[in-house]
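User: I would like to learn how to read the features of a structure like this one. Could you walk me through it, starting from a single residue?

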Amino acid sequence: MNLKSLLPWVVVLGLLIGLGWLYAMSQKQEVELTMLREDSQQLQKLRGEIEEASTTRAKAESEELTRLRKDSEELRRLRNEVNQLRTEKQQLAAQVQKAQAQAQGAQAQVEALRTIPGQPALPGQPAVAAPTATVRPGPTPSNPEQAQAAACVNNLRLIDGAKQQWALEKQKPAGALLTSADLAPYLKSNAVPVCPAGGVYTLNPVGVMPICNIPGHAAK
């Protein structure tokens with residue numbers, strides 16, 4: 001067999017080898033393409049998970065920030081209430097001191113009336129002996145109605161002082177209602193005094209002066 005007869009077969013063999021190589025390379029590229037597609041799908045999945053996690057975290061941070069703001073506002077409100085209560089407590093303490101001073105002044109006035117010679121005795125109190133004829137007459141004594149009015153005014157001031165003490169110890173604001181039983185521990189004999197002229201007392205809320213229903217029996 002000469003070379004010319006072998007040449008076509010060599011060419012065919014070369015073509016077959018070339019086609020085989022091309023087929024192998026095509027299969028290899030197909031496998032690589034498939035792997036790339038799978039990697040791309042995993043990458044997309046990871047991106048979705050990252051975005052979802054980022055969204056969840058941002059939402060949680062926003063909710064936490066909102067909660068912290070509400071807590072801060074509540075804290076400021078509580079501080080304002082505490083400061084307001086302190087201010088009211090100081091005001092009540094000042095009112096109690098003022099009421100006590102007024103009550104002491106009223107008590108001194110009543111004691112002064114009791115020491116006037118010939119002054120009619122107040123209910124439950126012994127009368128002061130009248131002067132003898134050799135003593136020069138003093139100022140004109142007050143009448144019994146004035147003495148009873150002074151004693152009633154003193155009672156009202158004592159009641160108001162007890163109200164202020166009760167409000168201070170119980171931390172009650174102005175306008176709080178109370179009863180005679182609430183005031184009893186803060187008064188002498190553990191009882192609310194009565195008007196010597198038979199009047200009826202109205203306690204009134206904290207911060208409002210108690211009153212008597214008899215005209216003229218009012219604390220100033």
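**Reading a predicted model**

Analyst: Let us begin with Q146, which lies in helix α2. Helices here are DSSP runs of H or I with at least four residues, strands are runs of E with at least two, and both are numbered from the N terminus. Bear in mind that this is a predicted model, in which local features need pLDDT of at least 70 and side-chain atom pairs count only at pLDDT 80 or more, while totals for chains, interfaces and linings use all residues. Residues are numbered from 1 along each chain as its sequence is written, and side-chain values use heavy atoms, with hydrogens and water left out.

User: Is Q146 buried, exposed or partly exposed?

Analyst: The general idea is a scale of relative accessible area: under 20% is buried, over 50% is exposed, and anything in between is partly exposed (1.4 Å probe, protein chains only). Q146 has a relative accessible area of 45%, so it is partly exposed. Its C-alpha atom is separated by 9.3 Å from that of H217, a residue 71 positions away along the chain.

User: How many helices and strands are there in the protein?

Analyst: The protein has 3 helices and 2 strands. Read from the N terminus, the order is α-α-α-β-β. Of its 220 residues, 18% count as buried. Contacts, meaning heavy atoms within 4.5 Å, add another view: among those with a separation of 6 or more, 61% join residues 24 or more positions apart.

User: Which residues does N155 touch?

Analyst: Leaving aside residues up to four places away in sequence, N155 touches P193, V194, C195, P196 and Y201. N155 is found in helix α2, and because its relative accessibility is 11%, it counts as buried. The side chain of N155 also reaches the backbone oxygen of V194 at 3.0 Å.

User: Now for charged pairs. How many salt bridges does a search of the whole structure find?

Analyst: A salt bridge is a side-chain nitrogen of Lys or Arg within 4 Å of a carboxyl oxygen of Asp or Glu. The search finds 5 of them. One of these joins the side chains of R67 and E64, at 2.4 Å from N to O. Both residues lie in helix α1, 3 residues apart, about one turn of the helix. R67 counts as partly exposed because its relative accessibility is 40%, and E64 is also partly exposed, at 36%. E64 and R67 are linked with D71 in a network of salt bridges.

User: Which residues form a salt bridge with R77?

Analyst: E74 and R77 meet through their side chains at 2.3 Å, N to O. E81 forms a salt bridge with R77 too, the closest N and O atoms being 2.4 Å apart. E74 and R77 are 3 residues apart in helix α1, so about one helical turn separates them. E81 and R77 are 4 residues apart in that helix, again about one turn. As for accessibility, E74 is partly exposed at 36%, R77 is partly exposed at 37%, and E81 is partly exposed at 34%.

User: How do I read a pocket, and which residues line the second largest one?

Analyst: Rolling a probe the size of a water molecule over the atoms shows where empty space is left. On a 1 Å grid over the protein atoms alone, a pocket is an open set of points where a 1.4 Å probe fits, with protein on both sides within 12 Å along at least five of seven lines; lining residues have an atom within 4 Å of a point. Here the lining of the second largest pocket consists of V82, L85, R86, E88, K89, L92, A167, L168, Q171, K172 and P173. The elements that give two or more residues to this lining are α1 (3-114) and α2 (144-170). Helix α1 supplies the largest share, 6 residues.

User: Q171 is in that list. Where is Q171 found, and is it buried or exposed?

Analyst: Q171 is found in the loop between α2 and α3 (180-183). Because its relative accessibility is 63%, Q171 counts as exposed. Its phi is positive, about 55°, although it is not a glycine. S189, likewise not a glycine, has a positive phi of about 60°. S189 lies in the loop between α3 and β1 (201-202), and at 73% relative accessibility it counts as exposed.

Key
A polar contact is a pair of N or O atoms within 3.5 Å; within protein, one must be able to donate a hydrogen and the other to accept it, and residues adjacent in sequence count only if both atoms are side-chain atoms.
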